[in-house]
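Please open the structure in your viewer and keep the sequence panel visible beside it. The tour below proceeds by selections, each followed by a description of what is found there.

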Amino acid sequence: MSEAGLGTGQDDAQCVTRVVAAPLEAVYRAVVTPSMVAQWQAPGEMTATIEPLPDGYRMTLRYPDSDDPAPGKSGEQEDRYRARYLALDPPHRVVQAIAF
């Protein structure tokens with residue numbers, strides 16, 4: 001996993017925006033509270049663990065155990081990424097850089 005490009009404006013950057021029908025404060029907490037991020041970031045039957053860091057977090061997503069292991073990006077049955085908060089404007093705006 002390379003953290004070198006976090007927040008550097010590299011050409012491979014993507015912008016993702018979502019409109020959610022919920023109070024601003026609730027959405028903001030869901031995006032910046034580690035235990036909440038672990039709940040909604042894990043797709044399907046994957047489980048998530050999160051390591052809070054001073055400027056963001058490190059997330060590990062694990063595929064469920066099976067006889068036919070799912071290919072992971074970071075390991076045999078897991079995906080890992082590092083997220084860094086670039087801008088926080090509670091409760092209106094969160095800007096993150098994420099590197100797998």
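Of the 100 residues in the chain, 22% are buried. The model is a predicted one, and every selection below refers to that prediction.

**The whole chain.** Begin by colouring the chain by secondary structure. Two helices and four strands should appear. Followed from the N terminus, the elements run in the order α-α-β-β-β-β. Consider also the contacts in the chain between residues at least 6 apart in sequence: 35% of these join residues at least 24 apart.

**The two helices.** Next, select residues 24-32, which form helix 1, and residues 34-41, which form helix 2. At what angle do helix 1 and helix 2 pack? The angle is about 90 degrees, and the axes lie 5 Å apart. Because angles from 65 to 115 degrees count as roughly perpendicular, helix 1 and helix 2 are described as roughly perpendicular to each other. To view the contact itself, display the side chains of Arg29, Ala30, Val31 and Val32 in helix 1, together with Pro34, Met36, Val37 and Trp40 in helix 2. Sorted by class, the residues of this contact comprise seven nonpolar, no polar and one charged.

**The sheet.** Now hide the helices and select the strands. They form an open sheet of four strands in the order 1-2-3-4, paired in the antiparallel sense. Strand 1 (47-53) and strand 4 are the edge strands, each pairing on one side only. From one strand to the next, the twist averages 25 degrees.

**Strands 3 and 4.** Select residues 78-89 for strand 3 and residues 93-99 for strand 4. Antiparallel pairing joins strand 3 and strand 4 over seven bridges. The two strands form a hairpin, with three residues between them. Two pairs are convenient to label: Ala83 has Ile98 of strand 4 as its bridge partner, and Tyr85 stands opposite Gln96 in strand 4.

**The loop of the hairpin.** Move to Pro91, which is placed in the loop between strand 3 and strand 4. What kind of peptide bond joins Pro90 and Pro91? The bond is cis, with omega at about -15 degrees.

**Tyr85.** Return to strand 3 and select Tyr85. Is Tyr85 buried or exposed? Its relative accessible area is 17%; since buried means under 20%, Tyr85 counts as buried. Apart from its neighbours within four places in sequence, Tyr85 is in contact with Val31, Val32, Asp55, Gly56, Tyr57, Val94, Val95 and Gln96. Of these residues, Val31 and Val32 also take part in the contact between the helices. The side chain of Tyr85 reaches the backbone oxygen of Val31 at 3.2 Å. A distance may also be drawn between the C-alpha atoms of Tyr85 and Ala97: these residues are twelve apart along the chain, and the separation is 6.5 Å.

**Asp79.** The final selection is Asp79, which also has its place in strand 3. Asp79 has a relative accessible area of 4% and is therefore buried. With which side chain does the side chain of Asp79 make a polar contact? The partner is the side chain of Tyr63, at 3.3 Å.

Definitions and conventions: Residues numbered from 1 in each chain as written. Predicted model: local features only at pLDDT ≥ 70, side-chain atom pairs only at ≥ 80, totals over all residues. Heavy atoms only, no water. Buried < 20%, exposed > 50% of the residue type's maximum accessible area, 1.4 Å probe, protein only. Contact = heavy atoms within 4.5 Å. Polar contact = N/O pair within 3.5 Å; in protein donor to acceptor, adjacent residues only side chain to side chain. Pairing = 2+ DSSP bridges. Axes fitted to C-alpha atoms, helices over the stretch in contact; angles between N-to-C directions. Parallel < 35°, antiparallel > 145°, perpendicular 65-115°, else oblique. Nonpolar A, V, L, I, M, F, W, Y, C, P; charged D, E, K, R; others polar.
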